[in-house]
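Work through the two exercises below with the model open, and try each task before reading its solution.

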Number of protein chains: 2
Amino acid sequence: MPDAADPAPMNARRKFRREGEGRRRQDLIEATLDSVAEYGLQGASLRTIALRAGVTAGLIRHYFPGKEELLQEAYTALVGRMTEQAKAALVMDDASPRQRLAAFVTANLNAPIIDARVFSLWATFIGRASADPALARAHRDGYLGFRNEVEAVVAEVLAAERHQPDASALRHHAIAINAIIDGLWIEGCLAGEMFSPGELAAIGIKAVEAELGLVPLKHDAEK
Amino acid sequence: MPDAADPAPMNARRKFRREGEGRRRQDLIEATLDSVAEYGLQGASLRTIALRAGVTAGLIRHYFPGKEELLQEAYTALVGRMTEQAKAALVMDDASPRQRLAAFVTANLNAPIIDARVFSLWATFIGRASADPALARAHRDGYLGFRNEVEAVVAEVLAAERHQPDASALRHHAIAINAIIDGLWIEGCLAGEMFSPGELAAIGIKAVEAELGLVPLKHDAEK
DNA sequence: GGGCTTGTTGTGCAAGTGTATAAATAGCCT
DNA sequence: AGGCTATTTATACACTTGCACAACAAGCCC
């Protein structure tokens with residue numbers, strides 16, 4: 001047990017590195033989302049968040065006016081990431097509309113969109129929407145954007161099937177399909193282990209195609 | 001300015017009435033749900049809750065071991081009320097299975113089940129489910145109970161239509177229909193004013209019947 | 001390398017938290 | 001009516017919270 005020269009003076013100030021503003025803000029937002037997901041809004045204190053981000057609590061005030069703004073930016077980042085991921089499943093140029101719709105449903109009902117952490121965050125924030133107009137608007141924008149995407153694909157699918165729905169029917173289809181995806185998403189996030197892999201997506205595709213009145217495709221027969 | 005005999009001595013102790021245990025517990029639970037719906041879990045302090053219940057904070061400890069137990073009982077009460085309301089729409093003995101299913105969907109997509117306050121509470125609590133096994137189990141039980149009800153009605157409907165689905169198909173139908181109702185419920189709670197009265201129910205019924213492959217009924221013709 | 005900027009730390013503070021407990025009183029029992 | 005008990009109030013306490021601010025040092029600029 002060598003009494004080496006003490007490398008850490010008892011009241012030493014903590015060493016730190018200066019990070020760029022972009023990086024720090026992103027780290028703090030990520031730490032905020034982690035903390036909220038793990039401890040809820042009540043347990044996500046500035047000190048908890050700072051600890052997770054590897055800094056001290058005081059620093060947060062250097063990048064955000066207050067806790068509320070930090071939470072708001074975190075929620076905005078979350079919503080942005082969610083819609084971005086969801087829409088990303090639609091960019092398949094070389095596929096038929098029906099295939100694109102199926103791929104969209106499949107993507108939304110598997111990882112990484114089916115995810116308990118993201119669901120926990122979504123629920124925690126959305127629970128405040130009715131009391132917080134800013135949250136409500138953020139959700140509404142994301143929701144309508146999502147539904148418009150759905151409506152566009154639905155229009156393509158029906159056009160390819162030589163149907164010609166009026167605007168009202170199109171809207172109703174989009175609302176229903178959006179509900180199917182949302183509902184199955186929730187079930188998958190909350191109790192993913194109750195479903196076999198791909199089961200939710202299969203249920204979703206069948207329900208969506210039934211809603212649109214598409215005749216079932218022949219099941220990939222005997223190879 | 002008559003100096004009447006001061007009816008309220010300056011340091012008077014607050015007057016109170018003794019209520020039965022059942023009544024007080026119920027009042028406290030209701031005040032808890034109100035507070036959580038309005039201020040979220042973070043804003044629902046014991047003092048806030050007590051103020052709303054018309055008592056002082058100390059009393060809570062007389063009926064509940066701690067805050068956590070109070071919240072847990074409040075959530076249990078909420079879930080119980082929700083499932084009770086939902087199932088109540090199914091007791092229509094003199095109707096055809098298809099009518100009962102339609103009534104069930106309709107009931108779940110109108111007030112009082114479509115309700116911003118209840119949704120806020122549901123989301124707030126469910127957001128903690130992934131971190132709190134007790135909450136997770138409470139939800140799971142409620143969900144499975146609900147889904148089993150749906151499955152039973154679906155079986156009746158299909159039987160009346162001379163279909164004979166196997167257990168797997170039945171389960172898939174129930175999951176899909178549950179998702180449709182859940183998804184539309186959320187949309188209605190979050191943005192009810194975006195839909196005309198009865199619109200969500202109409203969308204829901206159509207989607208559910210499409211899922212089950214029921215031929216559309218003739219629309220109540222001209223008149 | 002030496003100064004300067006500013007990102008970062010540490011400490012302090014008032015307000016609010018859940019919990020513990022003593023004091024008071026409402027209302028039943030006899 | 002008068003005592004007893006359990007419900008209710010009130011106060012205290014240790015702790016956490018968000019925020020303010022002064023001290024400090026990391027690393028760029030010259």
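Ala, Val, Leu, Ile, Met, Phe, Trp, Tyr, Cys and Pro count here as nonpolar, Asp, Glu, Lys and Arg as charged, and the others, Gly among them, as polar. The model is predicted.

**Exercise 1.** Describe the protein surface near DNA strand C, by class and by the residues that approach the strand.

*Solution.* Begin with the classes: the surface near DNA strand C has 14 charged, six nonpolar and five polar residues. Next, identify the nearest of the 25 residues around the strand, which are A:R18, A:Y63, B:R18, B:R61 and B:K67. Then ask which elements contribute: α3 (60-63) of chain A and α2 (46-53) of chain B each supply at least two residues of this surface. Turning to the DNA side, 64% of the strand C atoms within 4 Å of the protein belong to sugar or phosphate, and the rest to bases. Finally, look at phosphate oxygens of the strand: a polar side-chain atom of A:T56 lies 2.9 Å from one, a polar side-chain atom of B:S45 lies 3.2 Å from one, and a side-chain N or O atom of A:H62 is 3.4 Å from one.

**Exercise 2.** Characterise the interface between domain 1 and domain 2 of chain A.

*Solution.* First locate the domains, which span 18-64 and 75-211. Between them about 720 Å² is buried, with carbon and sulfur atoms giving 68% of this area. On the domain 1 side, A:L33, A:A37 and A:L41 lose the most area, together 62% of what that side buries. Then consider charge: three salt bridges are found across the interface, and A:R117 forms a salt bridge with A:D34, with the closest N and O atoms 2.8 Å apart.

Definitions and conventions: Residues are numbered from 1 along each chain as its sequence is written. Chains are lettered from A and ligands numbered from 1 in the order in which they are written. This is a predicted model: local features need pLDDT of at least 70, side-chain atom pairs count only at pLDDT 80 or more; totals for chains, interfaces and linings use all residues. Side-chain values use heavy atoms; hydrogens and water are left out. A residue is near a molecule or strand if one of its heavy atoms lies within 4 Å of it. A polar contact is a pair of N or O atoms within 3.5 Å; within protein, one must be able to donate a hydrogen and the other to accept it, and residues adjacent in sequence count only if both atoms are side-chain atoms. Helices (H or I, at least four residues) and strands (E, at least two) are DSSP runs, numbered from the N terminus. Domain bounds come from an automatic or database domain assignment. Buried area is the accessible area (1.4 Å probe) that two parts lose on being put together, summed over both. A salt bridge is a side-chain nitrogen of Lys or Arg within 4 Å of a carboxyl oxygen of Asp or Glu.
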